[in-house]
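Colleague: Before I use any of these labels, I would like to hear what each one rests on. Please show me the model and take the terms one at a time.

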Amino acid sequence: MRIGMVGLGKMGGAMTRRLLKAGHDCVAFAPSAASRDAVVRDGATAATSLTDLVARLGPSPRVVWLMVPAGKITEDATTELSGLLGAGDIIVDGGNSFYKDDIRRSRMLAATGVRHLDCGTSGGVWGVGRGYCLMVGGPMDAFDHLEPVFDALAPGRGDIPRTAGRGGGDDRAERGYIHAGPSGAGHFVKMVHNGIEYGLMQAYAEGFDILRHKDSADLPEGERYALNLPDIAEVWRRGSVVSSWLLDLSAAALAGDPELAGYSGFVQDSGEGRWTVEAALEEAVPADVITAALYARFRSRKTHTFAEKMLSAMRFGFGGHLEGQEPIDPEPPADGAPHAGT
């Protein structure tokens, strides 16, 4: 399938390469010529503008996948594409847009016959090899049309055992992608996913902070332990009920730097934690852990603890997010152009 990819940062560029490897034909655009050249070397066709990209996609139904930062850049790209695409064409927003914006944009595009899919995308910088977990919202006919693309991007079944009791039926969730529901549903599910991620990361961070301070001079001498955090993280990875990919990343960070001296502990938030808390308020659903984890990130920008260094290390591990930066993986802008990666 031929697909237009807009945004060639770590996520967009890697997804383009994964699609090319699976045999899909990618037309790629980003403001940075260096980013375009990098994917051309892997077999993509470069476009120099959105107009050029659409022209190179051929007959309808044309597909354009946006992997750009949520907010104005996504809004501007969608608006421009609405004037370039026509009935039956599809725009996929694979970034971290607010789900209510998806609902509004899908209605705006529907007036021209363009279909809009919101695709929550999880996998970070490792997705090019591991695959991406995809949560898609929008019209079912558009989802069905793009299923070969979702299948190529997703991890597949791999060696994960089938969940007991699932039985037969639709196996797409087992392959790593789902149709979550109408417009906005994909990004809503991904939003809550990120809220849960905040809570999980905070629990690991606080736990390791408690372990680290067990040799505090404020404790009775006989109750002080100088604990080996890299070894504890490693043993927990093997058979423990708290094993996870986040723990794997924590173990790798501690193995390389047990004091995490390379991290200040300044922890940014993507906005999705805030949106998750807002959704909980709208639904009158208690969300104590996620809310507390969000507030902990706010506090990290004033005072830094070892726990916050752990959070920074995990964020860098799965997404390459540098401290103090929004987790959008921007590519270098060309001639003052806006960032176009995610």
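Colleague: Why is Arg157 called partly exposed?

Modeller: This is a predicted model, so every value here is computed from it. Arg157 has a relative accessible area of 43%. Buried means under 20% and exposed over 50%, with partly exposed in between, so Arg157 counts as partly exposed at 43%.

Colleague: What makes the contact of Asp171 and Arg157 a salt bridge?

Modeller: The side chains of Asp171 and Arg157 meet at 2.0 Å, N to O. The cut-off is a nitrogen of Lys or Arg within 4 Å of a carboxyl oxygen of Asp or Glu, so the pair qualifies. Both Asp171 and Arg157 lie in the loop between α8 (147-153) and α9 (172-175), so the salt bridge ties together parts that are 14 residues apart in sequence. Asp171 is buried, with a relative accessible area of 18%.

Colleague: How many salt bridges are there by this rule?

Modeller: The count is 26. Among them is the one between Arg274 and Asp269, at 2.8 Å, N to O. Arg274 is partly exposed at 38% relative accessible area, whereas Asp269 is buried at 3%. Glu308 and Arg299 also meet in a salt bridge, at 2.4 Å, N to O. Glu308 is buried at 0% relative accessibility, and Arg299 is partly exposed at 39%.

Colleague: Which residues are linked in a network of salt bridges?

Modeller: Glu75, Asp93, Asp101, Arg104 and Arg105 are linked in this way.

Colleague: Now the strands. Why is strand β2 described as largely enclosed?

Modeller: Strand β2 covers residues 25-29, and four of its five residues are buried, so β2 is largely enclosed by the rest of the structure.

Colleague: How do you know that β2 pairs with strand β1?

Modeller: Two strands pair if there are at least two bridges between them. Five bridges join β1 (residues 2-6) to β2, and the two strands run parallel. One of the partnerships is that of Gly4 with Val27 in β2. The chain crosses from β1 to β2 through helix α1 (residues 10-21), and this β-α-β crossover is right-handed.

Colleague: What joins β2 to strand β3?

Modeller: Two bridges join β2 to β3 (residues 45-46), in the parallel sense. At least two are needed, so the pairing meets the rule. Ala28 stands opposite Ala46 in β3. The connection from β2 to β3 runs through helix α2 (residues 33-40), again as a β-α-β crossover that is right-handed.

Colleague: What makes β3 an edge strand?

Modeller: The open sheet has eight strands in the order β3-β2-β1-β4-β5-β6-β7-β8, with mixed pairing. The edge strands β3 and β8 (177-181) each pair on one side only. An antiparallel example is the pairing of β6 (residues 115-122) with β7 (residues 133-137), over five bridges. There the bridge partner of Asp118 is Gly137 in β7.

Colleague: Is Thr16 buried or exposed?

Modeller: Thr16 is at 0% relative accessibility, so it counts as buried. This residue is found in helix α1. Leaving aside neighbours within four places in sequence, Thr16 is in contact with Met5, Leu8, Cys26, Val39 and Ala44.

Colleague: Which residues have the most contacts inside the largest nonpolar core?

Modeller: Trp65 and Phe150 do, in a core of 32 residues. Helix α1 gives the most to this core, with five residues. Not counting residues up to four places away in sequence, Phe150 touches Trp65, Leu117, Leu134, Val136, Phe143 and Tyr177. A second, separate core has 24 residues, including Met201, Phe208, Ala253 and Phe306.

Colleague: How do you know that the span of helix α13 agrees with its length in residues?

Modeller: Helix α13 (residues 272-283) has 12 residues, which at 1.5 Å a residue should span 16 Å. The end C-alpha atoms of α13 are 16 Å apart, so the two values agree.

Colleague: What do the buried residues of α13 pack against?

Modeller: They pack against α10 (185-212) and α14 (288-300). Trp275, Thr276 and Val277 are among the buried residues of α13. Just after α13, Ala284 takes a positive phi of about 55°.

Methods. Residues numbered from 1 in each chain as written. Predicted model: local features only at pLDDT ≥ 70, side-chain atom pairs only at ≥ 80, totals over all residues. Heavy atoms only, no water. Buried < 20%, exposed > 50% of the residue type's maximum accessible area, 1.4 Å probe, protein only. Right-handed = clockwise from strand over helix to strand, strands pointing away. Expected span 1.5 Å × (residues − 1). Contact = heavy atoms within 4.5 Å. Core = buried A, V, L, I, M, F, W, Y, C linked by side-chain atoms within 4.5 Å.
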